[in-house]
Amino acid sequence: MCGINGIFHLHASRKIDEDLLTRMRDSLEHRGPDDKGIFINQNVGLGHRRLSILDISAAGHQPFLSEDGRYTLVFNGEIYNFKEFYPELNAEGFSIKTHSDTEVLLKLYQLHGLKMLHRLNGMFAFAIWDKVEKKLIVARDRMGVKPLYYAFHDHTFFFASEQKALFTAGVPLRLSESGMEEYVFNRFVAGEETLFQNISKVLPGHAMIIHQDGKVESQKWWELKREIQNHEKIKNPIEWFRETFDDSIRLRMVSDVPVGVLLSAGLDSSSVISSLSAQQYKGIQAFTIAFKEEEHNESHLAKKLAAQCNYGFNSLYLEDDDLFSKLQTATYFQDEPLMHLSEPHLLAVSQLAKSKVKVLLSGEGADELMGGYVRYKPLQFPSLLNVISMFGKNGLFATNPRFEKLLRYAQLKNRSDLVLFNGSNIFPGDIKNTFGIDNMPKNQYRHHIYEEAKSIYPNDLRRQALYFDQHTYLCSLLDRNDRSTMGASIECREPFLDQRLVAGLGSLSSNWLFTGKKGKYILKTAMQERLPQEILSFRKVGLSVPWGDYIIKSPAFKDEMESLQSSELFKIPYFEKIHIKELVTALQRGDSRMVPYIMPLLMMHIWLDNYVHKFDSTQKKSLSTV
């Protein structure tokens with residue numbers, strides 16, 4: 001796990017500024033405090049910060065050069081099955097000189113080019129410079145576990161693991177209007193675009209080739225739709241799932257440093273730790289966040305499960321000034337306004353884990369693969385939403401937050417909108433009425449994924465929503481996990497996102513996912529002999545945080561709420577119609593319905609105050625003119 005960056009001047013005569021390349025690299029120091037390196041070849045420069053996980057010796061130093069000097073690689077991530085390629089590489093005349101997956105990755109590219117990507121089981125983002133053909137190749141893993149951002153600026157291609165490195169290189173920090181629209185309507189920007197003008201993401205399962213003459217080729221090397229449609233029929237789904245999941249865990253235990261588990265005591269992370277126990281892994285440490293509020297707390301179950309597995313247990317509370325401080329820090333690591341609102345907690349628990357482990361396993365991805373969110377339930381009988389919307393007109397259930405949200409959701413009339421806004425907290429009608437904003441985002445990428453989902457599951461809105469979330473919402477969760485853990489110099493691995501599980505689950509009938517009250521039927525059934533009943537039947541909490549109480553009761557947040565009401569944010573034309581004082585006053589008077597409206601505005605306000613000025617003191621002012 002590392003941080004990578006690079007500069008490729010498209011004018012061949014232009015030389016790399018070593019100081020600039022180094023400053024880019026070192027803005028990512030938190031991603032790799034163990035080692036650092038740069039490579040410069042006239043108009044190309046590559047940088048690397050290393051977090052040593054496999055072959056922690058100096059042999060794993062990057063940038064990594066091929067023996068013939070033609071190729072140079074910078075790599076972030078892990079190839080879990082790298083040792084499987086040793087016999088093939090040896091037979092082809094390659095001698096393996098390290099114990100790292102980095103060397104295997106480069107030698108596979110030398111042998112097969114990008115065709116080797118299909119054979120990798122791992123999470124990765126990498127760049128390879130080909131000195132002979134004068135081209136730069138960048139690629140990203142199937143599900144987008146590892147980030148990779150890029151920008152074309154001043155006749156130069158810049159790339160990095162995080163946007164802050166691009167800003168450090170001089171790429172202007174400018175908000176994108178379409179990005180702001182998606183942030184307000186959908187909570188995050190999906191697809192290749194970002195919140196910023198002229199900064200893009202390499203899409204999951206994609207590779208790009210940038211040639212010296214400026215020509216750019218894009219390749220989609222992995223497509224989930226095709227994998228699902230071509231998947232062989234699974235004869236015994238429970239047995240298949242358990243065996244594949246255990247093997248995924250086994251692969252993700254490949255490490256030369258200690259490994260722990262992010263344990264919430266929910267079904268997903270509990271399944272991870274129970275698989276470790278069933279496979280007789282020893283010395284595992286579990287880490288969790290505890291809450292004093294009973295309805296948000298699962299730590300007692302996590303502690304009990306860890307004890308049953310004879311594993312270590314570590315927990316912490318995060319409240320008041322400590323929570324506010326971690327939120328500010330998490331904002332810097334995230335590069336964008338926080339949207340999941342659990343980022344400070346994940347950062348804090350990762351910092352707790354750092355003293356004992358260097359790798360954490362997470363249960364991320366299970367909800368999006370197997371239907372674990374309650375928000376999928378209304379999609380089973382969409383016609384009933386028309387009936388529910390009538391209750392909204394009569395004011396029924398308006399004081400119950402969950403029903404109140406469902407009533408607002410029921411106002412959506414198009415089936416496409418039911419999927420596109422299923423993961424939102426506020427909906428287009430709410431935004432128009434409360435924010436005075438009615439210019440909907442174009443959402444071209446989201447519409448494209450929705451059409452793909454319809455073609456696979458033409459009559460099943462719930463399956464469409466799952467496929468849609470796997471390409472959108474899950475990507476934002478993975479960004480959150482990556483930034484929060486790497487902010488503490490910790491590697492995070494997601495066993496549920498093994499490509500065999502992702503494609504196989506997508507090929508199963510909906511009964512294997514949605515049977516029962518809580519979804520994830522196949523997971524629950526596969527794990528029922530391993531997990532205690534109190535975890536199998538416990539209500540879903542996840543990492544939910546009582547923000548409504550925090551922002552009006554905690555002194556640090558109360559001060560920030562006052563600051564919000566005079567924020568520079570509302571000088572930006574897009575937000576100028578929002579009457580923020582009215583929203584805050586309503587919340588202070590006890591109207592909890594204001595929380596989903598206020599939180600994204602508060603997070604963007606904190607981001608403006610704590611992030612933008614770090615790169616250019618003039619940019620905060622310039623954002624107001626966007």
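Begin by selecting the residues that line the largest cavity of this predicted model, a lining that divides into 11 nonpolar, eight polar and eight charged residues. The cavity they enclose has a volume of about 330 Å³, and of its 27 lining residues, those closest to the centre are Phe188, Val189, Glu336, Ser476 and Asp479. Next, colour helix H19, residues 473-486, which provides five residues and with them the largest share of this lining. A search of the whole structure finds six cavities of 30 Å³ or more.

Turn now to the nonpolar core. The largest one has 195 residues, and the residues to select are Phe126, Phe241, Met370, Phe435, Leu505 and Phe575, which have the most contacts inside it. Helix H27, residues 595-610, gives the most to this core, with 11 residues. Apart from this core lies another, of 19 residues, including Ile4, Phe8, Trp129 and Phe157.

Then centre the view on Phe241 and show what surrounds it: which residues is Phe241 in contact with, leaving aside its neighbours within four places in sequence? They are Met370, Phe496, Leu501, Leu505, Ile522, Leu523, Ala526 and Met527.

Finally, zoom out to the whole protein, which has 28 helices and 17 strands, and whose C-alpha atoms fill a box of roughly 75 × 60 × 45 Å along the principal axes. Its radius of gyration is 24 Å, which agrees with the value near 25 Å that a compact globule of 626 residues would have. Buried residues make up 63% of the 626 residues, and among contacts with a separation of 6 or more, 71% are between residues 24 or more positions apart.

Definitions and conventions: Residues are numbered from 1 along each chain as its sequence is written. This is a predicted model: local features need pLDDT of at least 70, side-chain atom pairs count only at pLDDT 80 or more; totals for chains, interfaces and linings use all residues. Side-chain values use heavy atoms; hydrogens and water are left out. A nonpolar core is a set of buried Ala, Val, Leu, Ile, Met, Phe, Trp, Tyr and Cys residues joined through side-chain atoms within 4.5 Å. Buried means under 20% relative accessible area, exposed over 50%, partly exposed in between (1.4 Å probe, protein chains only). Helices (H or I, at least four residues) and strands (E, at least two) are DSSP runs, numbered from the N terminus. Contact means heavy atoms within 4.5 Å. On a 1 Å grid over the protein atoms alone, a cavity is a set of points where a 1.4 Å probe fits but cannot get out, and a pocket is an open set with protein on both sides within 12 Å along at least five of seven lines; lining residues have an atom within 4 Å of a point. Grid points are joined across faces, edges and corners, and a volume is the space filled by probe spheres set on the points. Ala, Val, Leu, Ile, Met, Phe, Trp, Tyr, Cys and Pro count as nonpolar, Asp, Glu, Lys and Arg as charged, and the others, Gly among them, as polar. The radius of gyration is taken over C-alpha atoms; the globule rule is 2.2 Å times the number of residues to the power 0.38.
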